[in-house]
Amino acid sequence: MHELVGALRSYAWGSRTALAQLCGRPVPSAHPEAELWFGAHPADPAQVKINGHSHSLLDVLRADPNHELGAVAGEFDGRLPFLLKILAAEEPLSLQAHPSIEQARAGFARENHAGVALDSPMRNYRDENHKPELVVAIERFEALAGFRDPRQTVRLLTALDVAELNPYAELLAAQPDSAGLRTLFTTWIALPQASLSKLLPKVLDGLVRYLAERPDSGTDGAPKEFAAEIRTALELAEAYPGDAGVLAALLLNRVTLEPGDGLFLAAGNLHAYLRGLGVEIMANSDNVLRGGLTPKHVDVPELLRVLDFEPLDMPIVKPESDGDGIFRYDTPAPEFALSRYELAPGADPTPILQAGPGIALCTHGTLRLYRGGEELRVECGRAAWISATDTDIRAAAVDGPAQLFCATVG
């Protein structure tokens with residue numbers, strides 16, 4: 001086992017405080033810091049420290065995949081099949097979805113045949129893989145995720161009392177299913193800019209009026225039904241004026257994750273992370289189809305090709321507790337599995353992994369990993385690479401409680 005240093009990614013939606021505080025660096029940071037990548041993705045592999053020298057994890061795996069990955073090497077073509085991240089969102093990410101593996105393979109081949117360069121900003125498919133993903137909140141995490149039950153959306157649109165929305169509400173009320181959602185979403189996302197410029201101000205007036213006429217809670221203290229959804233739409237409209245994604249956001253589940261809660265998204269689920277700090281794990285892919293709320297490349301026809309319009313129940317993943325501060329997040333993804341360990345000071349070392357490959361990531365306090373007579377100290381915001389030949393890994397807190405996420409193959 002060796003120390004693993006994440007690759008820091010700076011995007012405009014990142015935070016100048018969250019990752020810096022987590023890693024014990026000066027606050028605020030010089031630039032918005034959005035993600036720390038712990039993995040072997042070619043775009044930005046993490047660095048493994050071996051005998052005082054830093055090596056790309058990608059190079060380490062390529063040099064000896066059987067030693068580092070074991071049986072996984074044959075199953076996943078010599079590649080680590082997952083990418084682990086810490087994500088810090090200060091502003092909303094783009095409205096997006098990810099393809100299935102069949103769609104990814106077809107799209108990758110199609111763009112290769114068309115001669116679209118891999119590093120082109122117009123590229124949709126940068127690899128042949130799908131991208132199921134799980135995010136677990138370290139601090140409160142807000143998101144839009146999956147299409148809401150159409151009947152609830154009809155109530156929301158009706159509650160806004162905007163005459164220009166009535167035809168759309170009636171359309172969905174007449175067909176409150178995935179076909180109705182497809183029709184309404186396609187209509188809105190493809191509106192000509194002139195039509196959108198007329199409709200959006202009317203909708204925004206309705207959003208403001210809804211909040212002004214209805215306090216956040218009634219006399220019984222219960223929150224108003226759509227207050228969070230309305231506030232989110234107004235925030236998105238301020239950040240992305242004139243964007244059809246503001247209308248699309250009204251169709252999606254508004255999700256709040258408390259620390260420890262997870263959110264799993266399979267292929268085709270439309271989503272947008274809004275704000276918060278979390279650990280994210282996904283299949284090792286960079287395929288994103290965007291539909292709005294971004295200055296990046298938007299390809300509406302391709303997004304429509306991959307979207308799943310089936311209404312999604314609140315997709316919050318509550319972890320299964322194995323007792324003694326051990327929590328496991330069950331998902332159907334074969335590429336990854338994620339567990340969380342809450343380590344108490346003074347307790348005996350806790351077994352975390354019988355054998356690698358895996359990544360142990362510290363997100364609170366300081367911990368020490370043990371393997372036989374070997375020890376490795378891991379500070380907050382740092383991680384450890386555990387190869388297939390590393391067995392019987394245990395973890396213990398150092399000088400106070402510690403939190404550990406352990407990522408392995410599913």
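1. In this predicted model, the largest cavity has a lining made up of L144, R148, E229, T232, A233, A249, L250, L252 and R254. Two elements give two or more residues to that lining, namely α10 (227-239) and β10 (252-257), and the largest share, 3 residues, is the contribution of α10. By residue class the lining divides into 5 nonpolar, 1 polar and 3 charged.

2. As to the extent of this enclosed space, the structure holds 1 cavity of 30 Å³ or more, and the volume of the largest cavity comes to about 40 Å³. One of its lining residues, L144, also appears among the residues touched by H271, a position taken up again below.

3. Turning to the annotated positions, the UniProt record, an unreviewed entry, lists Q96, H98, E133 and H271 under "binding site". Although these positions are spread over 176 residues of sequence, they cluster in space, with a largest C-alpha distance of 12.7 Å. From this set, Q96, H98 and E133 are part of the lining of the largest pocket.

4. Within that set, H271 lies in strand β12, which covers residues 271-283. H271 counts as buried because its relative accessibility is 2%, under the 20% limit that defines the class. Leaving aside residues up to four places away in sequence, H271 touches S94, L95, Q96, A97, H98, E133, L144, A145 and L265, a list that includes Q96, H98 and E133 from the annotated set. The side chain of H271 also makes a polar contact with the side chain of E133, at 3.2 Å.

5. Q96, for its part, is placed in strand β7 (residues 95-97), and with a relative accessible area of 12% this residue is likewise classed as buried. Which residues does Q96 touch, not counting residues up to four places away in sequence? They are N269, L270, H271, V288, L289 and R290, so that the list brings together H271, from the "binding site" set, and R290, to which the record gives a separate annotation. Closer in sequence, the side chain of Q96 makes a polar contact with the side chain of S94, at 2.9 Å.

6. The feature "active site" is placed by UniProt, again in an unreviewed entry, at R290, a residue found in strand β13 (residues 289-292). Is R290 buried or exposed? With a relative accessibility of 17%, R290 counts as buried, because that class takes in values under 20%. Beyond residues up to four places away in sequence, R290 touches S94, L95, Q96, K296, H297, V298, D299 and L303; among them, S94 is the partner of Q96 in the side-chain polar contact described above.

7. The last of the contacts of R290 to be considered here is L303, which is found in helix α12 (residues 300-306). L303 is buried, with a relative accessible area of 0%. Not counting residues up to four places away in sequence, L303 touches A97, F185, L270, L289, R290 and G291, and of these L270 and L289 are also touched by Q96. L303 and G268 stand 35 residues apart in sequence, while their C-alpha atoms are 8.7 Å apart in space.

How values were computed. Residues numbered from 1 in each chain as written. Predicted model: local features only at pLDDT ≥ 70, side-chain atom pairs only at ≥ 80, totals over all residues. Heavy atoms only, no water. UniProt positions renumbered as here; feature names shortened; annotations may be inferred. 1 Å grid on protein atoms, 1.4 Å probe; cavity = no way out; pocket = protein on both sides within 12 Å on 5 of 7 lines; lining within 4 Å. Helix = DSSP H or I, 4+ residues; strand = E, 2+ residues; numbered from the N terminus. Buried < 20%, exposed > 50% of the residue type's maximum accessible area, 1.4 Å probe, protein only. Contact = heavy atoms within 4.5 Å. Polar contact = N/O pair within 3.5 Å; in protein donor to acceptor, adjacent residues only side chain to side chain. Points joined across faces, edges and corners; volume = space filled by probe spheres on them. Nonpolar A, V, L, I, M, F, W, Y, C, P; charged D, E, K, R; others polar.
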